[in-house]
Amino acid sequence: MPPKQPTNWRLWSKVIVGGLAISIGGPLLTMRLTPTEDELRAKYNPDLLKKSIETRDERQQEFDDFVTRLKEYSKSDKPIWIVVKEEEERRKKAVMDAAKVQQKEADARREEMRKEAGLGSK
């Protein structure tokens, strides 16, 4: 058995200090350099700022709806992308069914108008 090497405490202290500096200092530096939302808005063009403020509630509502749908999708045992695809297919089918119903109603009204026009001329 070879003789045991003495522990190089100086090397290990450098490694630990360097690791701490990177793991703590890196995120702190990133947080310090990243501008806040208010700082970004302050640099906006006035027209963009006005538009951003006007549509803020709408975008927030869309995001809330999106998160709510994701929560509903996650309740299923299936993967989310399959549940989303099924939901899209259901919506498309509902839209097509509604369009068919509207077309039938329009055809019925058109036919009724033809009958009335035909009866009025006699």
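**View 1. Serine 23, a partly exposed residue of helix H1.** In this predicted model, serine 23 has a relative accessibility of 47%, so it counts as partly exposed. The label follows from the cut-offs: buried means under 20% and exposed means over 50%, with partly exposed in between. Look for serine 23 in helix H1. Now find leucine 40, which is 17 residues away from serine 23 in sequence. How far apart in space are serine 23 and leucine 40, C-alpha to C-alpha? The distance between these two C-alpha atoms is 27 Å.

**View 2. Isoleucine 16 and a nonpolar patch on the surface.** Stay with helix H1, which covers residues 9-33 and includes isoleucine 16. Is isoleucine 16 buried or exposed? Isoleucine 16 counts as exposed because its relative accessibility is 51%. It is one of the residues in a nonpolar surface patch, together with Leu20, Ile24, Leu28 and Met31. Taken together, the residues of this patch have about 520 Å² of accessible area.

**View 3. Glutamate 58 and a negative patch.** Here we move to helix H3, made of residues 46-74, where glutamate 58 lies. Which residues form a negative surface patch with Glu58? Its partners in the patch are Glu62, Asp64 and Asp65. For the wider picture of charge, the protein carries 26 positive and 22 negative side chains. The centres of these two sets are 7 Å apart.

**View 4. Glutamate 86 in helix H4.** Helix H4 runs over residues 80-121, and glutamate 86 is found there. With a relative accessibility of 26%, glutamate 86 counts as partly exposed, because that value falls between the cut-offs of 20% and 50%. Try tracing the chain from glutamate 86 to valine 15, a separation of 71 residues. In space, the C-alpha atoms of glutamate 86 and valine 15 are 53 Å apart.

**View 5. Stepping back to the whole protein.** How many helices and strands are there in the protein? There are four helices and zero strands, giving the pattern α-α-α-α along the sequence. The C-alpha trace spans about 120 × 55 × 20 Å along its principal axes. A compact globule of 122 residues would have a radius of gyration near 14 Å, whereas this protein has 33 Å. Of its 122 residues, 4% count as buried. The accessible surface comes to about 11800 Å², and carbon and sulfur atoms account for 60% of that area.

Notes. Residues numbered from 1 in each chain as written. Predicted model: local features only at pLDDT ≥ 70, side-chain atom pairs only at ≥ 80, totals over all residues. Heavy atoms only, no water. Patch = residues over 30% accessible without salt bridge, like charges linked within 9 Å, V, L, I, M, F, W, Y side chains within 5 Å. Areas by Shrake-Rupley, 256 points an atom, 1.4 Å probe, with all protein chains shown as cover. Salt bridge = Lys/Arg side-chain N within 4 Å of Asp/Glu carboxyl O. Helix = DSSP H or I, 4+ residues; strand = E, 2+ residues; numbered from the N terminus. Buried < 20%, exposed > 50% of the residue type's maximum accessible area, 1.4 Å probe, protein only. Lys, Arg positive; Asp, Glu negative; His and termini not counted. Charge placed at Lys NZ, Arg CZ, Asp CG, Glu CD. Rg over C-alpha atoms; globule rule 2.2 N^0.38 Å.
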